[in-house]
Amino acid sequence: MASGFITITQLKKHCSSLALIIVLILAVMRLRAVECVELDVGGPYGWATPPAKNDQMYNDWASKNRFQVNDTLRFTYKKDSVMTVTEEEYERCRSSHPVFFSNNGDTVLKLDRPGLFYFISGVSGHCQRGLKMVVKFWHGPPPQAAADPSPTSAAAFAAPASIVKTVFILLSSLLGVILPVG
Ligand SMILES: *[C@@H]1O[C@H](CO)[C@@H](O)[C@H](O)[C@H]1NC(C)=O
């Protein structure tokens with residue numbers, strides 16, 4: 001009886017320091033999860049008319065990246081501009097009233113919501129030659145994510161959830177608390 005009590009007391013002592021460590025680990029992981037990324041549009045090529053007419057150059061770039069809410073896009077360019085436009089304007093390669101316009105050579109835009117973003121150059125003829133891009137992303141992994149062999153950010157999202165569950169099971173068993181674990 002008595003030895004049983006001592007064991008439980010010792011367990012609880014260990015448990016509180018263990019819990020502290022776990023809370024610290026989770027705090028660090030949460031910081032990483034909300035960390036935002038800045039992406040350079042077009043990589044080293046930047047935002048510039050493709051060398052040969054190529055409608056999909058920037059969409060190919062966009063499809064190689066995984067976007068999250070509050071990530072930022074950095075457009076770097078010379079003698080050009082970037083506009084945020086509607087889908088219709090994107091298709092027409094023209095906008096008289098863009099949602100956003102910048103031509104200062106270094107434009108940082110935040111992806112402040114999930115969904116679709118349409119960007120085109122405001123310089124006559126450049127959009128037609130391929131200086132345009134659609135960015136689309138949704139909350140959580142897209143439906144085909146399971147088939148994707150390189151989902152780094154999907155894995156980063158999945159890790160905290162499984163750790164929380166593991167920690168919860170561990171704490172529950174240490175404290176001798178029987179709770180339904182789904
Ligand atoms: C994005 O940023 C806004 C304002 O900075 C903040 O209120 C919001 O919680 C952020 N959203 C995410 C998913 O990080």
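**Exercise 1. Starting from Leu39, state which residue stands opposite it in S2 and place that pair in its sheet.**

Solution. Leu39 stands opposite Leu73 in S2, where a strand is a DSSP run of E with at least two residues, numbered from the N terminus. This is a predicted model, in which local features need pLDDT of at least 70, side-chain atom pairs count only at pLDDT 80 or more, and totals for chains, interfaces and linings use all residues. Residues are numbered from 1 along each chain as its sequence is written.

The next step is the pairing itself: S1 and strand S2 (residues 72-76) run parallel and are joined by 3 bridges, two strands being counted as paired if DSSP finds at least two bridges between them. Widening the view, 3 strands form an open sheet with mixed pairing, in the order S1-S2-S5. Strand S1 (38-40) and strand S5 (106-110) are the edge strands, each pairing on one side only. From one strand to the next the twist averages 25°, with axes taken as lines fitted to C-alpha atoms and angles running from 0 to 180 degrees between N-to-C directions.

**Exercise 2. Identify which residues have the most contacts inside the largest nonpolar core, and which elements supply it.**

Solution. The largest nonpolar core has 20 residues, and those with the most contacts inside it are Trp47, Phe75, Tyr118, Phe119 and Ile120. Such a core is a set of buried Ala, Val, Leu, Ile, Met, Phe, Trp, Tyr and Cys residues joined through C-beta atoms within 7 Å. At least two residues each come from helix H2 (57-63), S2, strand S3 (82-85), strand S6 (115-120) and strand S7 (132-137), and S6 gives the most, with 4 residues.

Turning to single residues, Trp47 touches, beyond four places in sequence, Val41, Gly42, Phe75, Thr76, Tyr77, Asp80, Val82 and Leu131, contact meaning that C-beta atoms, placed from the backbone, lie within 7 Å.

**Exercise 3. Explain why Ile120 is classed as buried.**

Solution. Ile120 is found in strand S6. Ile120 is buried because 26 other C-beta atoms lie within 10 Å, the cut-off for buried being 20 or more, with 12 or fewer for exposed and partly exposed in between. Its contacts beyond four places in sequence include Met83, Val85, Tyr90 and Cys127.

**Exercise 4. State what pLDDT the protein chain averages, and where it falls below 50.**

Solution. The protein chain averages a pLDDT (the predictor's confidence in each residue, from 0 to 100) of 79, and 64% of the residues score at least 70. Over residues 145-159 the pLDDT is below 50, and it stays under 50 over residues 177-182. Where pLDDT is low, the predicted coordinates should not be read in detail.

Technical notes. Two residues are in contact if their C-beta atoms, placed from the backbone, lie within 7 Å.
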